[in-house]
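User: I'm new to this structure and would like a close look at a single part of it. Could you pick one spot, start there, and then walk me outwards?

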Amino acid sequence: MNRKPFIVDTTLRDGQQSLIATRLKREDFENKLTTFDEVGFYAMEVWGGATYDSCIRYLDEDPWERLKIIRENLKNTKIQMLLRGQNLVGYRNYADDVVELFVNKVADYNMDIIRVFDALNDIRNLEKSIEVAKKRGIHVQGAISYTVSPVHSVDFYLNYTKELVERGVDSIAIKDMAGLLKPKDAYNIVKEIKKKFAIPVNLHSHATTGLASMAYYASIEAGADIVDLALSPFANGTSEPAVEPFKHAFDLDLDGNKIIELVDHLWEVRKKYEAYDVKMLSTDAKILNAQIPGGMLSNLISQLKAQKAEDKLDEVLEEVPKVRKDLGYPPLVTPTSQIVGVQATLNVLTGKRYSMITNEVKNYLMGLYGKPPAPVNEELYKKALANTTPINHRPADDLEPELEKARKEIGILARNEEDLLTYVLFKEVGKKFLINKYKKELKIDFDLAKSFLNEDTVIYPV
């Protein structure tokens, strides 16, 4: 094979998100950014996904400051982020004014590439973010959420690609979050996309099941232009395949000495995060059967431990595909992975299927997350919603503008638009982060100040 794929390095985003629960602090990579920049990657995925949430929830870091520093140090390498369409980097649909401000702000920080996806492959949930990003000259990569089901055929993915291309995306990503993509299927999907559309194709998969490297090789043979890899300390397991074997297999124009320097540094860094490390030592066959991403598996185990019901794991793994079928075969990626996983766990722990139905499942059945890929179970639908008719329009059309109301609620704590977005996206978690941020800077005890004010009083900046 003479073709050399371009490489997107995912170490600082999906690599560390998959293996150490997105706990990587800026201090552990900041002084190595110039070395990353000298490796020769086509792009680096450095932001989005769960990084924003983790920064404000666990790391006490401003995600926008993190992005600013990364951008300043990566002078020769494109930077890339993952965006959940109308969900942005959160877990619900946000109003259009929030989407517009967020994407415009990302553009202000000189983001090169936005990979945008929707958990249900519902194009309506991507239209606004694509529109705004295109207006700002950002390269928009439309992502297909890949899964395996009776309705997810090659034709299904080709039709969705057509919808993305019609909205003006600059490239296509096949996003295989659970590592389910087999080499033959990778070859066929990429081959057909390249045949029908004059557009670059990027394959993203996880090594969880052991299929990813084979799928990458097959996709490159079929014409894939780009693949996602991570440096070995944050590769494999539930992360992407490693950079190093691909460098040698394809004789890639990457600086081997810089890679060794980074690898030596990052192995030491990973040791610091042992408490969060998934420590996956081999492929996980359970995922091939249950068709769930590795991150979802660790969440299920955590939920069961909290209920002192670890012995129920196998039952839950058997229940997940059944709930997924009842819900019309949604791909299992944020937020649908949580919706299906929690309901499957409830079904097992209560001993009676759907004796308790979560609000998220009810909202899903109402169409508030988008259109299910296949018809849902009628009995479940009637039990959850009785005679209520699900919506058939774009879910965000029902959302009132959010920014002005949020601006009044947060007052002085939103000293700029970045702060405002932190609050809008994560509300109480965001508010707590901003209080801590400005207590240090302004040396004001906001809790004490608030005690002197009426409940509805807002402190505004001077």
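Analyst: Happy to! Let's start with a short distance: a polar atom in the side chain of Thr161 lies 2.8 Å from the backbone oxygen of Tyr157. Please keep in mind that this is a predicted model.

Thr161 belongs to helix 7, which spans residues 154–166. With a relative accessible area of 0%, Thr161 counts as buried, because that value is under the 20% cut-off. Leaving aside residues up to four places away in sequence, the residues Thr161 touches are Ile144, Ile172, Ile193 and Phe197. You can also look across to Asn121: its C-alpha is 9.9 Å from that of Thr161, while the two residues are 40 apart in sequence.

Several of these neighbours lead us to the sheet. Its eight strands form a closed barrel in the order 1-2-3-4-5-6-7-8, with parallel pairing. On average, neighbouring strands in this sheet are turned by 30° against each other, ignoring direction.

Now follow the barrel around strand 6 (residues 171–176), which runs parallel to strand 7 (residues 201–205) and is joined to it by five bridges. Within this pair, Ile174 stands opposite Leu203 of strand 7. Helix 8 (residues 183–196) packs on the sheet here, touching strand 5 (139–145), strand 6 and strand 7. The direction of helix 8 makes about 165° with that of strand 6. Helix 9 (residues 212–222) packs on the sheet as well, touching strand 7 and strand 8 (226–229), and its direction makes about 170° with that of strand 7.

For another view of the barrel, turn to strand 3 (residues 78–83), where five of the six residues are buried. Strand 3 pairs with strand 2 (residues 43–48) in the parallel sense, over five bridges, and Gly48 stands opposite Leu82 of strand 3. Strand 3 also runs parallel to strand 4 (residues 113–116), with four bridges joining them. In that pairing, Leu83 faces Val116 of strand 4 as its opposite partner. To get from strand 3 to strand 4, the chain passes through helix 5 (residues 96–108), making a right-handed β-α-β crossover.

As you look along any of these strands, one general idea may help: in a regular strand, side chains alternate between the two faces of the sheet.

To come back to where we began, Thr161 is a buried residue in helix 7, and Ile144, Ile172, Ile193 and Phe197 are the residues to display around it.

Note on methods:
Residues are numbered from 1 along each chain as its sequence is written. This is a predicted model: local features need pLDDT of at least 70, side-chain atom pairs count only at pLDDT 80 or more; totals for chains, interfaces and linings use all residues. Side-chain values use heavy atoms; hydrogens and water are left out. Buried means under 20% relative accessible area, exposed over 50%, partly exposed in between (1.4 Å probe, protein chains only). Helices (H or I, at least four residues) and strands (E, at least two) are DSSP runs, numbered from the N terminus. Two strands pair if DSSP finds at least two bridges between them. A crossover is right-handed if, with the strands pointing away from the viewer, the path from the first strand over the helix to the second runs clockwise. Contact means heavy atoms within 4.5 Å. A polar contact is a pair of N or O atoms within 3.5 Å; within protein, one must be able to donate a hydrogen and the other to accept it, and residues adjacent in sequence count only if both atoms are side-chain atoms. Axes are lines fitted to C-alpha atoms, for helices over the stretch in contact, and angles run from 0 to 180 degrees between N-to-C directions.
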